[in-house]
Amino acid sequence: MHGDFPRIRRTLSLWCGIGAVLGGSLGPAAQSAHALTAEIRERATTCAAPGPIAHASAGLDFGGKELSTASAARTAAAITVALTAGPLPAGARVVGSRVLLPDGQGSFTVGVEHVRMPGTLAYAPVASVHFLGSSAAVVRVSDRATADLIRQAVAARLAEVAAIVSDRSQNRRLDVTSGLTEGVLTTADSAGRIPLSPRDIGRVTALKILGDQLPSATTRVKTAALGSAIAMGLLDEEPSRPVHRMEGNAPLVGVAAAAARAASVRVLAPGSAAALDKVLELARQTGSQASLKDIRAERECERRVLREQADGVIARRTAADAELTKSLNARDVQLPVIPHVIVGGGWAATVDYLTLPPVADAGADVPPVLTVSAGYGVVNDLGEFRLTQPAMDNELPGAPFQPGDFAEDRSDFVMSTAFGRAVGVARALAGMPTYQANVTGIEARPAGTAAADWPAGARYRLTTGDRRTLYASSLDLATGLGPPRIPQATGDQLAGRTFVDPGTGYQVAFGPAGDTRILDPQGEPYTGQLPANAAWLLGVQNVEGTPKRLYEPFLLDPLGRPTERRVIDPESRYSVDPQNRTTYTPDGAAVDPASLDPDLRARLGFRPEGYRDPRFVADQNSPYSVHPVTGAVVLTLSGEPVDRTTLPPQTLTRLDALVRAHRVQYGGQNTSADYRADDDLLVVGGGAGGASEVEQAHYVTRQVTWGARPARKLEADYPRGPEGALDPKGLRAEWDAALPARKTEIQRDLSFVSGGFNRRNTLPAIGAFSLPVWEPTLRTTDLPVTVRYTTTGRFGTADLQGRLSTFSRIVYTIGQEADYPGGAATLLGPGTLLAAVLGPDGSEVNGLRDAPGTLRVLGAASVTPGVLRLTGAAQPVLTDKIKAQADVLPPDARTIHPSIRYHAGRIAEMNRTFQR
């Protein structure tokens with residue numbers, strides 16, 4: 001479709017929604033402030049700076065709603081001026097409102113059009129760019145932007161597209177994020193230079209227009225030039241506190257970062273060097289200092305307003321999704337085939353939606369692109385928690401605002417709240433429709449008559465948790481790493497134990513001699529087929545009526561309920577099975593409860609008024625108790641069952657909170673606000689997830705035990721820890737001359753030094769490896785082999801030596817599994833054969849696809865071992881390529897192949913050439 005601008009429309013998508021690579025610097029054209037007076041009737045801002053300061057501080061990133069009234073005619077005229085006055089990329093030709101760029105094969109077409117601004121936010125970018133396929137893109141310009149900003153924005157966006165097109169014509173894609181932004185700089189090389197992203201090149205183009213007008217420019221132009229330089233990080237000031245560094249990871253900040261950016265522009269964009277230097281000279285002048293101070297203050301005000309307004313915008317989108325779900329569920333007939341479905345609701349699904357080429361409408365019944373997910377991603381909802389990378393490494397292609405726009409400190413690691421707002425606002429302004437449901441299965445259309453009941457045009461069938469069916473023509477899977485990994489029983493510790501699926505009641509019992517029996521919910525022998533989830537959880541299945549062990553049973557179910565039903569009394573070590581009320585001695589022999597001490601009998605549930613399951617937890621603010629496994633409610637005094645539907649909402653909320661608190665949790669389910677000062681916590685998992693959980697808990701409680709799998713052997717070398725943190729290199733050096741007891745301690749502590757030992761997790765007095773957190777944390781490599789409820793309302797664990805410990809709270813953060821139910825590999829099924837989606841150079845691995853290319857796996861899901869196994873013989877080669885790609889990421893993201901930094905740009909690249 002070279003040279004022809006596609007006229008395909010997507011409904012339910014607003015101007016910035018389908019992948020605007022937004023941002024850029026700011027600046028006016030050669031118009032005077034007097035000429036603009038009539039145009040600016042009312043400033044749409046809640047900040048108080050005068051006109052030139054507000055204009056300069058908003059710029060291209062925030063200036064899309066500077067004018068109080070929208071005007072298509074005014075904007076069209078400004079676009080015409082911008083295309084006429086330029087600058088244009090080298091070799092570009094203007095044909096009407098289109099720009100033709102050379103792409104090595106013919107022409108790449110870029111349309112430039114005006115659009116109405118969506119949403120209720122006070123600010124918006126001036127222009128966005130969206131790729132419509134491999135040979136066309138569109139720049140969309142706000143109809144409430146001033147003419148000077150429109151000229152800058154059009155030039156910047158065209159330069160950005162031209163850089164991408166030029167790279168593609170040379171079969172390359174630089175894996176970089178934008179460095180010309182405020183804050184910490186993670187990509188400077190040994191010479192103090194950074195690579196420039198296409199967006200950076202656009203910013204430089206806009207800055208050159210401003211710099212070329214200096215020094216004999218109007219006050220408005222000079223002020224805008226200063227604002228542009230601030231936005232590009234060229235005038236960064238020293239942060240209020242030093243940026244944390246460690247050996248091998250020393251990011252630049254403040255004046256050093258600004259100098260690196262300027263040096264890079266001079267080398268990589270020499271045609272703009274003179275204009276840059278004129279802007280920097282202006283910034284050094286004494287007369288500019290007051291303006292710089294005012295611009296910085298106004299930018300902080302704008303970001304504060306953006307943060308304040310973001311949550312309401314996101315809430316309205318979430319409510320709209322609930323209404324959409326309700327509407328679709330109310331239909332009695334099968335929904336029409338959906339042109340494109342995205343399974344997933346987090347940042348990867350959002351970037352996918354934003355950068356997809358347009359999809360033709362399917363009619364009024366369903367949107368052309370529908371996301372299906374029960375939630376919106378774990379990373380977006382961790383509260384005031386620092387992610388592992390700073391804002392620069394979390395750039396979101398297509399988002400109208402970046403995480404740094406919501407950050408309060410751009411020299412720090414980006415907060416989950418800032419990242420979540422960037423994702424949520426992008427989703428909201430794009431009108432990204434989400435059907436709120438869990439997907440439990442995906443099938444590809446079978447061949448021949450087996451597809452007789454499939455509607456025409458349907459290539460994939462999706463099944464949801466409530467057994468509804470959706471059909472799609474094309475499908476993207478962006479579900480992340482998968483459900484949390486769950487600990488399993490140890491093979492030589494099974495004798496005499498019974499495991500139960502809390503959801504169905506089916507059981508597997510292991511005899512003293514190793515024999516295996518499958519039991520029904522009543523405890524009777526069962527020879528039929530177990531429900532799929534029960535078979536998966538218990539690791540057994542009947543084959544022709546005979547139990548077959550598949551693997552060791554899980555100690556917990558996905559909801560955090562222990563699979564061993566016995567409740568142990570910590571004081572006596574006696575236990576009881578509340579289902580059949582069988583009581584056991586500490587060595588596992590059955591005993592008559594009548595022979596026990598009355599107090600022990602009562603603790604085990606045998607009361608004078610009748611038996612009461614000791615797992616019930618009393619609500620101190622009501623007369624009710626709740627069961628942490630079933631959710632059943634009883635009267636605390638009498639044990640009489642209570643119908644939950646008769647209880648007031650606030651009581652149910654408290655009871656549900658008690659249930660949650662009395663189940664084992666998994667990584668990512670808690671923030672510091674979820675912990676209590678009296679928590680006695682066990683965190684299991686020595687990696688980055690465990691470090692995060694320990695940090696969160698230490699904000700509230702000092703009673704933390706951290707468990708990690710013991711290291712099989714010591715490495716020859718370890719990283720050097722920064723001052724005030726654990727020093728693994730020093731521990732390793734101490735090992736050789738240490739006494740045996742000390743060697744045991746060193747080996748234990750080095751077991752925690754894995755992927756989680758990094759700059760983020762050694763933050764002074766914050767990270768889990770900082771000494772104020774590390775030293776009071778109890779550490780162990782004796783991990784639980786049993787997890788049970790106790791008669792005291794706590795959890796009881798035993799290690800391989802049989803030592804009992806109790807905790808009020810347990811969190812497992814030992815990874816995630818795409819092979820678990822609901823994970824990407826399980827959704828696809830073992831019969832799916834996938835291949836790599838390669839980048840322009842034919843080598844870069846950006847994701848996976850099926851043979852037709854209409855089913856794709858994106859983001860973290862595409863690098864999980866379970867999904868990579870579906871590539872067959874190609875798996876080892878792809879695994880090595882993915883590792884190599886992760887090994888060259890910036891230091892804070894290096895080796896982290898599921899990271900946002902690794903995948904966001906790759907998703908956008910895949911979509912530039914995606915064909916259905």
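**Exercise 1.** Glu544 has its place in the loop between strand S17 (540–543) and strand S18 (546–549); state the sign of its phi and say whether the residue is buried or exposed.

*Solution.* The model is predicted, so local features need pLDDT of at least 70 and side-chain atom pairs count only at pLDDT 80 or more, while totals for chains, interfaces and linings use all residues. Residues are numbered from 1 along each chain as its sequence is written, and side-chain values use heavy atoms, with hydrogens and water left out.

Step 1. Strands are DSSP runs of E with at least two residues, helices are runs of H or I with at least four, and numbering starts from the N terminus.
Step 2. The phi of Glu544 is positive, about 55°, although the residue is not a glycine.
Step 3. Glu544 has a relative accessible area of 80% and is therefore exposed. The classes are buried (under 20% relative accessible area), exposed (over 50%) and partly exposed (in between), with a 1.4 Å probe and protein chains only.

**Exercise 2.** Carry out this analysis for Ala765, giving its location, its phi and its exposure.

*Solution.* Step 1. Ala765 is found in the loop between helix H18 (740–750) and helix H19 (771–774).
Step 2. Its phi is positive at about 60°, and Ala765 is not a glycine.
Step 3. A relative accessible area of 52% places Ala765 among the exposed residues.

**Exercise 3.** Identify the peptide bond geometry preceding Pro87 and Pro215, and locate each proline.

*Solution.* Step 1. From Gly86 to Pro87 the peptide bond is cis, with omega near 5°; Pro87 belongs to the loop between helix H3 (72–85) and strand S1 (93–95).
Step 2. From Leu214 to Pro215 the bond is cis, with omega near 5°; Pro215 belongs to the loop between H5 and helix H6 (219–231).

**Exercise 4.** Describe the surroundings of strand S12 (residues 460–464).

*Solution.* Step 1. S12 is mostly covered, since 4 of its 5 residues are buried.
Step 2. Strand S11 (residues 439–444) runs antiparallel to S12 and is joined to it by 5 bridges; two strands pair if DSSP finds at least two bridges between them. Ile442 faces Leu462 of S12 across this pairing.
Step 3. Strand S13 (residues 469–477) is an antiparallel partner of S12 over 4 bridges, with Thr463 opposite Thr469 in S13.
Step 4. S12 and S13 make a hairpin that leaves 4 residues between them, and Arg467 in the turn has a positive phi of about 65°.

**Exercise 5.** Give the strand order of the open sheet that contains S29 and S32, and explain why these two stand at its edges.

*Solution.* Step 1. The sheet has 5 strands in the order S29-S36-S30-S31-S32, with parallel pairing.
Step 2. Strand S29 (665–666) and strand S32 (778–780) each have a single partner strand, so one side of each lacks a neighbour in the sheet.
Step 3. Within the sheet, strand S30 (residues 681–684) pairs in parallel with strand S31 (residues 704–707) over 4 bridges; Leu681 is opposite Val704 in S31.

**Exercise 6.** Characterise helix H7 (residues 254–268) and the crossing of H5 and H8.

*Solution.* Step 1. H7 has 15 residues and extends 21 Å from its first C-alpha to its last, close to the 21 Å expected at 1.5 Å a residue; the expected span is 1.5 Å times one less than the number of residues.
Step 2. The buried residues of H7, including Gly254, Ala257, Arg261 and Val265, pack against helix H5 (198–211) and helix H8 (273–284).
Step 3. The axes of H5 and H8 come within 8 Å and cross at roughly 65°, which makes H5 roughly perpendicular to H8. Axes are lines fitted to C-alpha atoms, for helices over the stretch in contact, with angles from 0 to 180 degrees between N-to-C directions; roughly perpendicular covers 65 to 115 degrees.
Step 4. Leu207, Lys208 and Gly211 in H5 meet Ala275, Leu276, Lys278 and Val279 in H8; contact means heavy atoms within 4.5 Å.

**Exercise 7.** Set out the environments of Ser899 and Gly905.

*Solution.* Step 1. Ser899 sits in the loop between helix H22 (875–887) and helix H23 (900–912). Its relative accessible area is 6%, so Ser899 is buried.
Step 2. Apart from neighbours within four places in sequence, Ser899 contacts Trp347, Leu889 and Ala893.
Step 3. Gly905 is in helix H23 and is partly exposed, at 21% relative accessible area. Beyond neighbours within four places in sequence, Gly905 is in contact with Arg173 and Pro397.

How values were computed
Angles under 35 degrees count as roughly parallel, over 145 as roughly antiparallel, 65 to 115 as roughly perpendicular and the rest as oblique.
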